[in-house]
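Q: I'm new to this one, so please go slowly. Give me a close look at the contact between the chains, and fill in some local details along the way.

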2 protein chains.
Amino acid sequence: MAGPLDGVRVLDLSAVVVGPICTHVLCEHGAEVIKIEGPPSGDLLRSLAGKGRSPGMNGKFLNFNRGKRSLGIDLKKPAGIAALQRLAATVDVFVTNIRPDAQARLGVDAASLRAMAPKLIHCSITGFGSDGPYAGRPAYDTVIQGVSGVAGAFEASTGEPRYVPFLVADHTVGLVAAQMIGFALYRREKTGMGEAIEVPMFENMAAYIMQEHLGAASFRPPLGPAGDHRVLSPDGKPLPTKDGFICVSANTDAQAHGFFDAIGRPELKTDPRFARVAQRVQHTKEYFHIRATSLGGRTTAEWLEIFDQADVPASPYNTIGSLIDDPHLRAVGMVREEEHPTEGATWAIGAPNRFSGGVAPPRPPAPRLGADGAAVLAEAGLTADEIDVLRQDGVLIEGMS
Amino acid sequence: MAGPLDGVRVLDLSAVVVGPICTHVLCEHGAEVIKIEGPPSGDLLRSLAGKGRSPGMNGKFLNFNRGKRSLGIDLKKPAGIAALQRLAATVDVFVTNIRPDAQARLGVDAASLRAMAPKLIHCSITGFGSDGPYAGRPAYDTVIQGVSGVAGAFEASTGEPRYVPFLVADHTVGLVAAQMIGFALYRREKTGMGEAIEVPMFENMAAYIMQEHLGAASFRPPLGPAGDHRVLSPDGKPLPTKDGFICVSANTDAQAHGFFDAIGRPELKTDPRFARVAQRVQHTKEYFHIRATSLGGRTTAEWLEIFDQADVPASPYNTIGSLIDDPHLRAVGMVREEEHPTEGATWAIGAPNRFSGGVAPPRPPAPRLGADGAAVLAEAGLTADEIDVLRQDGVLIEGMS
């Protein structure tokens, strides 16, 4: 079976995470993605993210670049830019997270490429929208976390500003960019027209935090301070059991009452602080305290069985290392053994979503730098002689240096 | 101008956050969204999320439900289910986050609705995929954060498992669901076929964390423990200045050297611990410590100007409350004053992304419970007499009770 984006061709001039997660999603759903990398060492993520069996092939790079083809090309040389532009005229989608001034310098901004390929969908992921005072500023994930209120949510919760220990801005905005490209592909089918899309990280993450936490400050004048105090509770943690942790949430009356019965405190079901949703919202701190201090007498497995019977939402706690052993993830194919053609035995992460009309077959592993360059250029119409010249002139990059 | 999803009609049987953020995105890009709510008080988020000027109209509800139409209908009554099914046959997309067994009981599962409307795109957001051992279990955001390694990333960073103080699982998976619907709309334009999509929260969030943090444990046998130590650094925080905080990230050599010059320590540019990317990755702890302890002598505004000159990525720090005053967000229309027809003066959050082919005009404010019920049913072909009967029988809900 084919994926929903089967037949869509994507040229990807992006690096690190925000762009690569976008094109990863497109690829996972059937698109062909050609990743452009420059010398001498390609995508910065090849160098920035820890151990692999060979240089530039660490686990994080492998996981964000599954299924892509790599074209290594020197964009500091005019022949490299010319090849890139020729390739861009043959694809459906162009994705980049390089800054707008650099796009213009390389001739890969929306205006330049759409002049050559009017049906192209051009997606530019920026730090800050081009129509505001922060336009053109450089950005990384943590800069965006700090300016968009992500770190501010920690201050509101624990008193100390802090970044989330994963790339929540890069990851979220990469997903949004793939979403925007899906919407643009839909419109192009209806209208035949290409598109220039701008996806600014700051605006997307600020909207995210404001939707969640503007709260009583959504009104003018404010009805109270910003922040959803239930979600900001400093007690928002997995709960300790006899042998580890468990994750429990009991929001409806039926769930909360089931929880009170399970912990042997049925009197709380009629306690005016805890009987109904509105009362528990008023007494979040006490309610969360009861949840946090009631589970030390049994193991996680014992509690999971009890909560399952009582229809109280609960799950085991996973560390970042225990996920590969989770029985559900194994059963559904989210974690499977794979043999990488050059890197040996690895774990492959599967595609999470199911489509009745077909999902793409599992994508092949991530490429070495420049592994597909000659093939990609040949498909774009370059002759063997033209490709040889690019190789001899050091424009075509076929390996780390 | 019209948005990319102009003309798409969506029926939304979802509540709280994961479903509503999905349909919010569809709505923001031009789709018409009809939100189904049950008696007596509609979407649980109307009750769960703090202060408003009237019951059920708190800020969080308003921000996740902008632009939607509300149909209040009692699905415990057969006439309510019949009306819902009649409506489902007139739309392009059906979104739900109720559990699969409840979908089947109401006759709104994919098989039932697609039998009546073969071109329908049916999207079911679940806690856990239906083909694994956790299938059918109830889930809330924090349960998913705990089982998917989100809380585990905190343990790996600070030693203590903790939830992110916003609904990262709900929000992310809601965005993914909208993405999947976009891909399905694209495929339907090409093939004419409808689709059943399943979007499981656990699988999506586990993939997210594994992509980021499986790292050296992506290899068999593992080359090291899971986790990207740069991102897990407990020093990953906004940096204190003379008068507050600033957010700075300096990853390339040029940026790091610019930072060292700016803080008056040019000798670090040639220090073998800090001169090059690979060296700084090896000495992350010391490098982050220098960043954290060097900025106390000047104000945030002074440092922003210095880093701007040096092309070092930096931004001001925003609290969750200060976002509405951010000059960039104001300038680009992400925060604007709005008069809600029943709730009075509020702040409206804008749409973050730009499309050359047109973005949808700003969407109207969120509806009161059942505000659009009679109109929606009339458009679906119900006669005035049929609607009156539903009203008299208490099936049609037109207000909180």
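A: Let's get one bit of vocabulary out of the way: helices (H or I, at least four residues) and strands (E, at least two) are runs assigned by DSSP, and they are numbered from the N terminus. With that in hand, you can place B:Pro40 in the loop that connects strand 2 (32-37) with helix 2 (45-48) in chain B. Keep in mind that you're looking at a predicted model.

Now for the contact itself. On the chain B side, 155 residues are in contact with 155 residues of chain A. Together the two chains bury about 13,800 Å², and 63% of that is on carbon and sulfur atoms. Within chain B, the residues that lose the most area to chain A are B:Gln211, B:Arg220 and B:Ile320, which together make up 7% of what that side buries.

What about charges and polar groups? There are twelve salt bridges between chain B and chain A. One of them pairs A:Glu189 with B:Lys190, and the closest N and O atoms there sit 3.5 Å apart. Polar contacts between the two chains come to 72 residue pairs, counting pairs with both residues at pLDDT 80 or more. Helix 9 (residues 168-191) of chain B supplies the largest share of the side that touches chain A, with 16 residues. Sorted by class, that side of chain B holds 86 nonpolar, 41 polar and 28 charged residues.

The chains also pair up strand to strand. Strand 12 (residues 354-355) of chain A and strand 6 (residues 195-200) of chain B run antiparallel, joined by two bridges. Look for A:Phe355 here: its bridge partner in strand 6 of chain B is B:Ile197.

Back to B:Arg220, one of the residues just named for the area lost to chain A. The peptide bond from B:Arg220 to B:Pro221 is cis, with omega near -10°. B:Pro221 belongs to the loop between helix 10 (201-213) and helix 11 (229-232) of chain B. The loop we started with has a cis bond too: B:Pro39 and B:Pro40 are joined by one, with omega about -5°. As background, most peptide bonds are trans, and most residues other than glycine have a negative phi.

Over in chain A, A:Asp311 has a positive phi, near 55°, without being a glycine. You'll find A:Asp311 in the loop between helix 15 (300-310) and strand 9 (314-316) of chain A. Strand 9 takes part in an open sheet of three strands in chain A, ordered 7-8-9 with antiparallel pairing. Strand 7 (239-240) and strand 9 are the edges, each with a single partner strand, so one side of each has no neighbour in the sheet. Two bridges link strand 7 to strand 8 (residues 245-248), and A:Pro240 stands opposite A:Phe245 in strand 8.

One last stop is B:Ser294, in the loop between helix 14 (284-293) and helix 15 (300-309) of chain B. Its side chain reaches the backbone oxygen of B:Ile290 at 2.5 Å. Leaving aside residues up to four places away in sequence, B:Ser294 touches B:Ile263 and B:Trp303.

Terms used. Residues are numbered from 1 along each chain as its sequence is written. Chains are lettered from A and ligands numbered from 1 in the order in which they are written. This is a predicted model: local features need pLDDT of at least 70, side-chain atom pairs count only at pLDDT 80 or more; totals for chains, interfaces and linings use all residues. Side-chain values use heavy atoms; hydrogens and water are left out. A polar contact is a pair of N or O atoms within 3.5 Å; within protein, one must be able to donate a hydrogen and the other to accept it, and residues adjacent in sequence count only if both atoms are side-chain atoms. Contact means heavy atoms within 4.5 Å. Buried area is the accessible area (1.4 Å probe) that two parts lose on being put together, summed over both. A salt bridge is a side-chain nitrogen of Lys or Arg within 4 Å of a carboxyl oxygen of Asp or Glu. Ala, Val, Leu, Ile, Met, Phe, Trp, Tyr, Cys and Pro count as nonpolar, Asp, Glu, Lys and Arg as charged, and the others, Gly among them, as polar. Two strands pair if DSSP finds at least two bridges between them.
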